[in-house]
Each structure stands twice: as C-alpha cells, then as structure tokens.
There are 2 protein chains.
Amino acid sequence: MSGDGGVATALQGASGALEADPDLRLTLVITHEHRDLLVRHGLDDHPRVRVAPARSTLPMDAGAARALRNGSGSSLQVCLEQVASGADAAAVSAGNTAALMALGRQLLGMLPGIERPALMAALPSATRPVWVLDLGANIGVNAQRLLEFAQLGHTAVRVSSGRSPRIGLLNIGREPGKGPDVVREAARLIDADSRLDYVGFVEADRVFEGEVDLVVCDGFAGNVLLKGAEGTVRMIFDRLEREFRGPLRWLARRRVERLYDKLDPARHNGAPLLGIDGVVIKSHGGACRRGFASAIALAALEARRGLTAELADALWASD
Amino acid sequence: MSGDGGVATALQGASGALEADPDLRLTLVITHEHRDLLVRHGLDDHPRVRVAPARSTLPMDAGAARALRNGSGSSLQVCLEQVASGADAAAVSAGNTAALMALGRQLLGMLPGIERPALMAALPSATRPVWVLDLGANIGVNAQRLLEFAQLGHTAVRVSSGRSPRIGLLNIGREPGKGPDVVREAARLIDADSRLDYVGFVEADRVFEGEVDLVVCDGFAGNVLLKGAEGTVRMIFDRLEREFRGPLRWLARRRVERLYDKLDPARHNGAPLLGIDGVVIKSHGGACRRGFASAIALAALEARRGLTAELADALWASD
C-alpha cells in the first residue's frame with residue numbers, strides 16, 4: 001500500500017513478478033477502496049493471487065512507535081501476520097523502514113541472540129553488486145554488533161548467491177591502525193571467525209571497485225555510503241542528459257539509459273531485514289515497477305533457499 | 001615533493017599556477033637531487049620563483065608520530081616553516097594528511113579554542129560545489145566540535161566565495177528526531193548561532209542536489225561521503241567508456257571527458273586545513289597537474305583574503 005508510486009506501482013510490480021516466475025504465488029494486502037485497482041491490473045482473479053484485506057495504511061512518516069500503537073489492521077501488520085501465521089513465506093513492503101522493523105520484530109520475533117534487525121542492500125560496483133549492512137537501522141553500534149552484521153550478511157549473501165562473500169569492514173584508511181577503536185576491535189572479532197572470508201578494511205572509494213562482496217559498517221556510515229552513491233549516480237546521469245544534444249543524444253540514449261538502470265542503487269531494489277525470524281524485504285520507497293518486482297523476486301529466492309533457517313543455524317554455531 | 005605523480009606533477013602544477021596568476025609568487029621546497037627538474041620545467045630562474053632546499057622527504061605513509069620525530073629538514077617541515085616565519089603566506093602539500101596536520105599544528109599553532117585542525121573539501125553537485133568538513137581528521141566528535149566545524153566552514157566558504165553558505169548537518173533522515181544524539185545536539189547549537197545560515201539535516205543523496213553549500217559532519221562520515229562519491233564517479237565514467245563504441249565513442253568523448261573533469265571530486269582539488277593559525281592546503285595525493293595548480297590558486301585566494309584573521313575574529317566573537 002505504500003511507496004512513492006502508490007498502490008498502482010506495487011501492483012504493476014506484482015504482475016511483473018508473477019509473469020517472470022511461474023511458481024510464484026502472491027498474497028496482495030490491500031484496503032477495500034483500492035480493490036478496483038486489482039481489476040484494472042488483471043490481478044482480481046489471477047490463479048496465483050490471493051487477496052488479504054487491510055483496514056488502513058500506515059502513512060510513510062509513521063515511525064516505530066506509531067506503528068506499534070496503530071498497526072492493528074494496517075496493511076503492514078496484516079502483511080507480516082501472513083508470514084507469522086505461516087500462510088506466506090516472505091513479506092515485501094515499501095513502507096516506512098522503522099515501522100517495518102518494529103512490527104516485524106514484534107510479530108515475527110528475532111533470531112537467537114539478535115537484538116535489532118539490520119538492513120542490507122546492494123550497491124553497484126565495477127564488477128557485480130556489493131552488499132552493504134547496516135544501512136541506518138542501527139547507529140552507534142559496538143564491535144560485537146559489527147561481528148553480528150558480518151555473520152548475518154555472510155549467510156544472507158551465501159544463500160542468495162551461492163558463494164561465500166569476501167567481507168570488508170568500512171574504514172577511513174586501509175592500514176590496521178586506522179579508524180575508530182570500535183572498527184579496529186570489530187576487525188579482530190571478524191578476523192577471528194574462521195567461517196568468514198575477511199579481507200580487511202575497505203575505504204569508501206574502493207567499495208565501488210568490487211574489491212569485496214560485502215561491506216560491514218555502522219548504520220550511519222552505511223546510510224551515507226548508500227545514499228551518497230544514489231545522489232552521485234542521479235547527479236551524473238542528469239548532467240549527461242543535459243550535456244548530450246542533437247545526434248549524440250539520440251545515439252547515446254539507449255546505452256545511457258541501460259547503464260543508469262544498472263548503476264542506480266535505487267533500482268537495485270530489495271533490502272533484506274536480517275535478524276528477524278522470517279524473510280522480510282524492504283522495497284525502496286521510490287522503486288519503479290521493475291524495482292518492486294525485483295524486491296518480490298529476492299523475497300521468493302530467500303524464502304525458497306530457507307534463509308531464515310540458515311541464519312538461525314549460523315547464529316547457533318557461533319555461540 | 002609528495003603525491004602520486006611525484007615532483008614532476010607538482011612542478012607542472014606550479015608552472016600552470018604561475019601562468020594563470022601574474023601576481024603569484026611561489027617558493028618551491030625541493031631536495032637537492034631533484035633540482036635538475038626545476039630546469040626541465042623552466043622554473044630554475046623564473047622571476048617569481050624562489051627555491052627553499054629540503055634535506056629529505058617524508059614518505060607518503062609517514063603519519064603524525066613519524067612526522068614529528070623525523071620532520072626536521074623534510075620538505076614538509078621546511079614548507080610550513082616558510083609560513084611560520086612569515087616568508088610565505090600559505091603552504092600547499094600533497095603529502096600525508098596526518099603528517100601535514102601534526103606539523104602544521106606544531107609549527108604554526110592553532111586558532112583560539114581549536115584543538116585539532118579540520119579538513120574541508122569540495123564535492124560536485126547539480127549546481128555548484130558543496131563544501132564538506134570534516135573529512136577524516138576528527139572522528140567520534142562531540143556536538144561542540146560539530147559547531148566549531150560549522151563556524152570554521154562558514155567563515156572559510158564566505159571568505160573564498162563572498163557569500164554566506166547555507167549549512168546542512170549530515171544525518172540519516174530529515175526529521176528533527178532522526179539520527180544520533182550528538183547530531184541532534186549539534187543541530188541545536190548550530191541553529192542557536194545567529195551568524196550561521198543553518199538549513200537543517202541533510203541526507204547524503206541530497207548533498208548532490210546542491211541543497212546546501214556546506215555540509216558539517218564527523219570525520220568518519222565525511223570521509224565515507226567524499227570517497228564514496230569519488231568511487232562512484234570513477235566507476236560510472238569507466239563504465240561509460242566501455243559502453244560507448246564506434247562513432248558514439250568518437251562523438252561523445254569530448255563531452256564525457258569535460259563532464260568527468262567537472263564532476264570528479266579528486267579534481268576539485270585543494271582541501272583547506274581549518275583551525276591552524278595559517279593558510280594550509282592539502283592537495284589530493286592523486287591530483288593531476290591542473291589539480292595541483294588549483295590547490296595553489298585556492299591557497300593564494302585564501303591568503304589574499306586574510307582567511308586566518310577572519311577565522312580568528314569569528315572564533316573570538318563566538319566566545
């Protein structure tokens with residue numbers, strides 16, 4: 001029900017996801033007054049679509065407190081209840097992140113030893129996407145929490161990509177003595193965990209060279225890294241658009257658009273909330289139809305590969 | 001003597017700066033074995049060039065401790081001594097930042113009430129460059145220190161651009177309740193200083209829209225913001241280069257190169273070290289000839305406009 005594009009974008013994304021994946025079944029959580037949109041998007045009597053009615057929608061600026069107070073009957077709560085009851089295997093939402101985290105934690109519970117969910121998302125790099133966590137759900141974390149991020153991220157990336165990620169710890173220099181105490185202490189903890197492929201410190205510019213597959217950091221720094229990349233990509237493509245004129249514009253358009261599509265972090269959509277006992281994917285508020293479909297595809301992938309059980313195993317093993 | 005391009009790049013930059021500014025006089029600090037390079041670059045008997053001999057060069061990985069121990073006679077120390085003695089009005093160096101800060105602080109002293117220098121640099125945005133401080137010289141700062149950054153940055157940008165900058169505080173959300181305590185406390189302090197044009201919190205993606213002229217943040221976040229933008233710009237232009245082929249490549253080359261030139265943060269060169277009692281400019285280690293020349297031009301501008309006295313006045317007034 002949420003997201004900048006409104007219900008229509010989510011429904012277009014749902015249609016796209018259903019077309020792309022013949023085994024996918026979707027439960028659409030929608031309020032009564034929007035149900036005519038289901039007809040318009042051909043989703044009213046789709047054989048693989050079920051509808052779960054919601055009484056209300058939490059506004060985009062509803063944070064954790066308001067979600068916990070007024071969540072009952074909201075599309076977000078109904079969506080998560082579908083997963084809690086076992087009716088559905090994963091939840092996807094473009095709503096407020098804090099609301100999603102708070103309700104997810106309350107309704108699905110947390111994995112053993114994890115206090116708060118961490119948010120992970122992909123950044124474009126010179127080679128393949130690089131996963132980064134945390135992205136703002138946790139600020140001012142200690143070294144132990146950074147180790148947890150590494151463990152959660154390691155398992156999530158391994159499950160979705162099939163390969164153990166090379167892990168870097170975001171820092172302001174590569175040398176071992178650089179950076180805050182908490183980051184240096186986290187380096188010792190992550191390095192000591194033999195299941196993790198720890199590469200060392202990574203500076204923000206090297207993230208985009210694809211030196212590592214997973215970047216671990218405090219939520220404040222991760223948020224700056226992700227949003228800074230979004231802003232830079234958007235600025236450059238806006239400038240390119242203005243710079244290219246006449247035949248050049250015409251010739252370059254398709255290639256530039258294709259590249260923008262590949263590189264815009266806002267289109268690498270689908271940020272898993274890790275640590276919750278269930279597959280929960282945050283879709284970017286500004287995601288387009290295709291972005292929303294890719295968040296659904298990621299949810300399906302993680303659910304099929306049993307991400308939650310894998311994470312629980314990894315966390316038990318680390319005790 | 002330092003920087004990735006070595007002495008030759010610095011000397012080419014010096015030539016360029018002398019050509020562009022007929023009133024500029026330069027003291028080149030150089031070791032004996034490199035003096036033949038002066039001849040090669042036509043700087044050996046230039047009417048506006050003086051040479052100050054250095055006995056050694058601190059390596060690029062020499063940090064603060066090593067610089068303080070072994071600095072004597074080094075090109076970096078000799079350069080700063082020229083300013084300390086009043087022989088020169090400003091210093092420019094592409095050497096190690098920590099070494100430059102430590103020696104700058106020792107040889108030139110600090111402005112009233114300032115403990116450690118802050119490093120400021122410009123990022124490209126949709127409109128004009130946006131200044132950001134701190135960039136890694138200070139990590140884990142308190143709210144009072146963020147206020148100082150705002151005061152230093154305000155004066156430095158006003159002196160070099162002639163206009164009072166709109167100031168934003170880097171945060172992970174725009175709403176007043178968002179982010180760490182220290183950032184929210186700093187917002188109150190900066191907002192209470194009537195000389196500062198405080199706009200509010202700014203998220204990393206909005207920095208590149210040119211919403212503000214000056215971004216204040218902890219050195220860790222600033223470093224991630226600046227280097228992240230550098231990495232993103234480099235990655236995109238590498239991909240564009242590979243994507244454009246045949247006539248398109250030929251047609252687009254000049255425009256793409258010109259845009260890269262404008263947008264690469266590594267070429268917006270010249271980062272003032274603020275808080276030191278003297279004009280000291282850090283040139284990017286990877287700066288090209290033109291980048292080095294622009295760092296020199298910035299040093300000249302700040303010296304001519306009496307930045308240090310202006311900063312001292314502003315700091316006295318804020319007591």
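Two strands pair if DSSP finds at least two bridges between them. Helices (H or I, at least four residues) and strands (E, at least two) are DSSP runs, numbered from the N terminus. With these terms, select Ala91(B), which stands opposite Val280(B) in strand S10 of chain B.

Before proceeding, note that this is a predicted model, in which local features need pLDDT of at least 70 and side-chain atom pairs count only at pLDDT 80 or more, while totals for chains, interfaces and linings use all residues. Residues are numbered from 1 along each chain as its sequence is written, chains are lettered from A and ligands numbered from 1 in the order in which they are written, and side-chain values use heavy atoms, with hydrogens and water left out.

**First stop: strand S10 of chain B**

Select residues 279-282 of chain B, which form S10(B). Val279(B) and Ile281(B) point one way from this strand, and Val280(B) and Lys282(B) point the other way. Are these residues buried or exposed? All are buried, where buried means under 20% relative accessible area, exposed over 50%, and partly exposed in between (1.4 Å probe, protein chains only).

Next, add strand S3 (residues 90-93) of chain B, which pairs with S10(B) in the parallel sense over four bridges. Then add strand S9 (residues 271-274) of chain B; S9(B) and S10(B) run antiparallel and are joined by two bridges. Here Pro272(B) stands opposite Ile281(B). S9(B) and S10(B) form a hairpin with four residues between them, and Gly275(B) in the turn has a positive phi of about 110°.

**Second stop: the sheet of chain B**

Now display the whole sheet. It is an open sheet of eight strands with mixed pairing, in the order S3-S10-S9-S4-S5-S8-S6-S7 (chain B). Which strands are at the edges? They are S3 and strand S7 (197-202) of chain B, each of which pairs on one side only. The twist averages 25° from one strand to the next; axes are lines fitted to C-alpha atoms, for helices over the stretch in contact, and angles run from 0 to 180 degrees between N-to-C directions.

Select strand S6 (residues 166-170) and strand S8 (residues 214-216) of chain B, which run parallel and are joined by three bridges. The bridge partner of Leu169(B) in S8(B) is Val216(B).

Two helices may then be shown against this sheet. Helix H6 (residues 143-161) of chain B lies across strand S4 (118-123), strand S5 (130-133), S6, S8 and S9 of chain B, and runs at about 165° to S8(B). Helix H11 (residues 289-304) of chain B lies across S3, S5, S9 and S10 of chain B, and runs at about 160° to S10(B). In both cases, contact means heavy atoms within 4.5 Å.

**Third stop: the sheet of chain A**

Move to chain A, where an open sheet of eight strands has the order S3-S10-S9-S4-S5-S8-S6-S7, with mixed pairing. Select strand S5 (residues 130-133) and strand S8 (residues 214-216) of chain A, which pair in the parallel sense over three bridges. In S8(A), Leu214(A) is the bridge partner of Trp131(A).

Helix H5 (residues 97-108) of chain A packs on the sheet, touching S3, strand S4 (118-123), strand S9 (271-274) and strand S10 (279-282) of chain A, and its direction makes about 175° with that of S10(A).

**Fourth stop: helix crossings in chain A**

Select helix H6 (residues 143-161) and helix H7 (residues 181-192) of chain A, whose axes come within 8 Å and cross at roughly 50°. H6(A) is therefore oblique to H7(A); angles under 35 degrees count as roughly parallel, over 145 as roughly antiparallel, 65 to 115 as roughly perpendicular and the rest as oblique. Residues making the contact include Leu146(A) and Ala150(A) of H6(A) and Val182(A) and Leu189(A) of H7(A).

Then select helix H1 (residues 6-20) and helix H11 (residues 289-304) of chain A, whose axes come within 7 Å and cross at roughly 55°. Among the residues in contact are Gly13(A) and Ala17(A) of H1(A) and Phe292(A) and Ile296(A) of H11(A).

**Last stop: the two chains together**

Finally, display both chains. Chain A can be laid on chain B with an RMSD of 0.0 Å by a turn of 180° and a shift of 0.0 Å along the axis, with copies superposed by least squares on the C-alpha atoms of residues with pLDDT of at least 70 in both. The two copies are thus related as by a two-fold rotation axis. Select Ala221(A), whose C-alpha is the one in chain A nearest the axis, 2.8 Å from it. Because 100% of the interface residues of chain A are also interface residues in chain B, the copies meet through the same surface.
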